[in-house]
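Okay, thanks for coming, everyone. I'd like to walk you through one structure today, so let me put it up on the screen.

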Amino acid sequence: MIPLLFLVVFAEGVVAFLLLVKIGPLRELVIKGLDQVKVGKGPATVKTIAGTMSVILLSNFFSIVKIQNKGAKIGTMTPMDQVLWRTHLLEASLMGFCLFLGFLIDRMHHYLRKLMGIRGTIGASKEEIERLTKEKMQLKEKEEKATNEMKLLQKEVSYLKENMNKLKLESEEKDKRVETAESHVAALQKQSADLLLEYDRLLEDNQNLQTQAFGYRT
């Protein structure tokens, strides 16, 4: 069993090393392999193996304590007990190291997965920031364009206001001229009416004079 434990410790050490140090695509392959182990019945199998190893570890620990107590009672350990004690101690050490490396690999895999998720989120956030920055620049360009157009429109409005004021002044002047002309026309019409009345009176006087002159002749 000891060679198998050495092999397991070596394999776990290699996995832990590959998780710690990125060597080409090996870390990604190890992470994918651990993902497959944690899918389906994998977690239950791993827990069963870990539980079995923990039971064997406790059994070895009790055997070590038993051998030590036996040696303490007789004052020394027999060569067989020494061999058994060393064997149990080596097995317990290897099992404890296997369990520790397994726990370490599980935590490293968990946190690496979290780190990869955070990096993916950060990458997406960077892309979103870049997109928002581009949109901000486009909006700024549109704003500058709109500002320039607004300035042009303000200039046109000012020009139209000036023209409107000029036309208003010209219209007021023309209104004054029209009023003056209308007053002049009214005065002329009054004068014409007076002249017509005077003309009618003169015609009447002329007619009277002609009548009187005709009477004198007869």
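I'll go through confidence, then the cores, then a few individual residues.

First off, keep in mind that this is a predicted model. The protein chain averages a pLDDT of 84, and 99% of the residues score at least 70. If you go element by element, helix α4, residues 79-217, comes out with the highest mean pLDDT, 86. The lowest mean belongs to helix α3, residues 42-74, at 81.

Let's start at the beginning of the chain with α1. That helix has 19 residues and reaches 27 Å from its first C-alpha to its last, close to the 27 Å expected at 1.5 Å a residue. Which residues of α1 are buried? They are Ile2, Leu5, Val9, Glu12, Ala16, Leu18 and Leu19. So yes, there's a glutamate on that list, Glu12.

Now the cores. The largest nonpolar core has 9 residues: Ala16, Leu18, Leu19, Val30, Ile31, Leu34, Ile105, Met108 and Leu112. Three elements give two or more residues to this core, namely α1 (2-20), α2 (26-37) and α4. Apart from it lies another core, this one of 8 residues, including Leu5, Val9, Leu94 and Leu101. As a general point, nonpolar side chains in soluble globular proteins tend to be buried together.

Let me zoom in on Leu112, from the largest core. Setting aside neighbours within four places in sequence, Leu112 is in contact with Leu19, Arg27 and Ile31.

Next to it in the sequence is Arg113, in helix α4. Is Arg113 buried, exposed or partly exposed? It counts as partly exposed, because its relative accessibility is 34%. Not counting residues up to four places away in sequence, Arg113 touches Ile31 and Asp35. And here's a distance for you: Arg113 and Glu149 are 36 residues apart in sequence and 53 Å apart in space, C-alpha to C-alpha.

While we're on arginines, Arg107 lies over the face of Tyr111, at 5.9 Å from the ring centre. As for ring-on-ring pairs, a search of the whole structure finds 1 aromatic pair.

Last one: His88, which is also found in helix α4. Why does His88 count as buried? Because its relative accessibility is 19%, and the cut-off for buried is under 20%. Leaving aside neighbours within four places in sequence, His88 is in contact with Asn60, Ser63, Ile64 and Ile67.

That's my tour, so over to you for questions.

Technical notes: Residues numbered from 1 in each chain as written. Predicted model: local features only at pLDDT ≥ 70, side-chain atom pairs only at ≥ 80, totals over all residues. Heavy atoms only, no water. pLDDT = per-residue confidence, 0-100. Helix = DSSP H or I, 4+ residues; strand = E, 2+ residues; numbered from the N terminus. Core = buried A, V, L, I, M, F, W, Y, C linked by side-chain atoms within 4.5 Å. Buried < 20%, exposed > 50% of the residue type's maximum accessible area, 1.4 Å probe, protein only. Contact = heavy atoms within 4.5 Å. Phe/Tyr/Trp six-rings, centres within 6.5 Å; stacked < 30°, edge-to-face > 60°. Lys NZ or Arg CZ within 6 Å of the ring centre and 35° of its normal. Expected span 1.5 Å × (residues − 1).
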